[in-house]
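Dear colleague,

I am passing on the structure below, and my notes on it follow. Please keep it open beside the text as you read.

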Amino acid sequence: MTQTETTAQAVERTAKEWVLVLAKYREPSTFRSVFELMATLVPFVMLWGLAWVSLEISYWLAFGIALLNGVFLVRIFVIQHDCGHASYFTSRTAQDWVGRCLGVLTLTPYDVWKRTHSIHHSHHGNLDQRGIGDVLTLTVEEYRARSPMGRFLYRMYRHPLVLFVLGPSYLFILQNRLPFGLMDKGWKYWTSAMGTNAVIAIAVGLMIWLGGWMPLLLIYLPTSVIAATIGVWLFYVQHQFEETHWSKTEDWQLHEAALEGSSHYVLPQPLRWLTANIGIHHVHHLYSRIPFYRLPEVLRDNADLAQAQRLTIVESFQSVKLHLWDEKLQKLMSFREAKRLYGRA
């Protein structure tokens, strides 16, 4: 059976049966959740301490350890992500407060992110509902209709240097300090943003008071920046691939968009653990209440989902060249291919 046939079979089942099939995996284990949390936080704190001690030996050594620790910060973010989906603990209060505390480490106001990410899940793949919680993606027609300056700005936005170098730091260090997208939606989101900012400011102040500027510059910022970069890359490849899914509201179906518009990023086991199975993203979008540590069970028990929407690491690098959605051909394409097919804008 080809991958296209496998995906078609999975899509056919999605609309009718997948929610019921996946519902049996939704219950979290409190013991497993606490274990996964400790298995992530303990190494993170230990590496932080080791990097601090290493400042007395070598700035480069401390910097290298900080970069390594960024991967554990990615895992912390995925646990915060599960808390936002109410999939991590049976107690909603417990997981909300765990999520808020982890949000200080990830520089992400929990309640703000929880709401914007919910919007992403509710509207992903809908061309009429873009703008919050996704990577800006124009159709070929929209791009060609823009002014020369508008096309230039979009090309700059989609440039790898902006998306994966400048963008992540801007997003997590600067943009997350305000509840963008929800600034007029009430005090709850302002409280989330300002409360997180206040705790971060206290932590940074203590860091500088105890160790000077080097822990901030060589440990805190490198760990945060590398985690942000990895996180943005993962989010990008989970939705930006050639045969992803976009459609107008009248043709848009939630479960089809979840499966067809989300990849199964095939990673080796160490990377699967460090990224908390977030690469099994098509299943996550199909049923977001499944704890991350139960996602491999789904693939083990459902061979069609294990084969659907597979994206290898090599293939994921090719997705960086894709920029525009072609509504006619139903695929993402590069600026060059759009120019070849439709001429100069």
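In this predicted model, the second largest cavity is lined by Ile-119, His-120, His-123, His-124, Gln-129, Ile-132 and Asp-134, and its volume comes to about 40 Å³. Sorted by class, that lining holds 2 nonpolar residues, 4 polar ones and 1 charged one.

The search that found this cavity covered the whole structure and returned 3 cavities of 30 Å³ or more. The largest of them has a volume of about 60 Å³, and its lining consists of His-120, His-124, Asp-134, Val-135, Phe-235, His-239, Gln-240 and Trp-246. Here the classes divide into 3 nonpolar, 4 polar and 1 charged. If you set the two lists side by side, you will find His-120, His-124 and Asp-134 in the lining of the largest cavity and again in that of the second largest. As general background, empty space of this kind is revealed by rolling a probe the size of a water molecule over the atoms.

The other part of my notes concerns helix packing, where a pair of packed helices is described by the angle between the axes and the distance between them.

Helix α3, residues 59–84, and helix α4 have axes that come within 9 Å and cross at roughly 150°; since angles over 145 degrees count as roughly antiparallel, the two helices are therefore roughly antiparallel to each other. The crossing in which α3 passes α4 is left-handed. On the α3 side the contact involves Leu-73, Ile-76, Phe-77, Ile-79, Gln-80 and Cys-83, which meet Gln-95, Asp-96, Val-98, Gly-99, Leu-102, Gly-103, Leu-105 and Thr-106 of α4. By class, this contact comprises 8 nonpolar, 5 polar and 1 charged residues.

Helix α4, which spans residues 92–106, also packs with helix α5, residues 110–123, at an angle of about 110° and with the axes 9 Å apart, and that angle makes α4 roughly perpendicular to α5. The residues that make this contact are Arg-92, Gln-95, Asp-96, Gly-99 and Arg-100 from α4, together with Tyr-110, Asp-111 and Lys-114 from α5. The class count for the contact of α4 with α5 is 1 nonpolar, 2 polar and 5 charged. Gln-95, Asp-96 and Gly-99 of α4 thus appear in the contact with α5 as well as in the one with α3.

With best regards

Notes. Residues numbered from 1 in each chain as written. Predicted model: local features only at pLDDT ≥ 70, side-chain atom pairs only at ≥ 80, totals over all residues. Heavy atoms only, no water. 1 Å grid on protein atoms, 1.4 Å probe; cavity = no way out; pocket = protein on both sides within 12 Å on 5 of 7 lines; lining within 4 Å. Points joined across faces, edges and corners; volume = space filled by probe spheres on them. Nonpolar A, V, L, I, M, F, W, Y, C, P; charged D, E, K, R; others polar. Axes fitted to C-alpha atoms, helices over the stretch in contact; angles between N-to-C directions. Helix = DSSP H or I, 4+ residues; strand = E, 2+ residues; numbered from the N terminus. Parallel < 35°, antiparallel > 145°, perpendicular 65-115°, else oblique. Contact = heavy atoms within 4.5 Å. Left-handed = near helix turned anticlockwise from the far one by under 90°.
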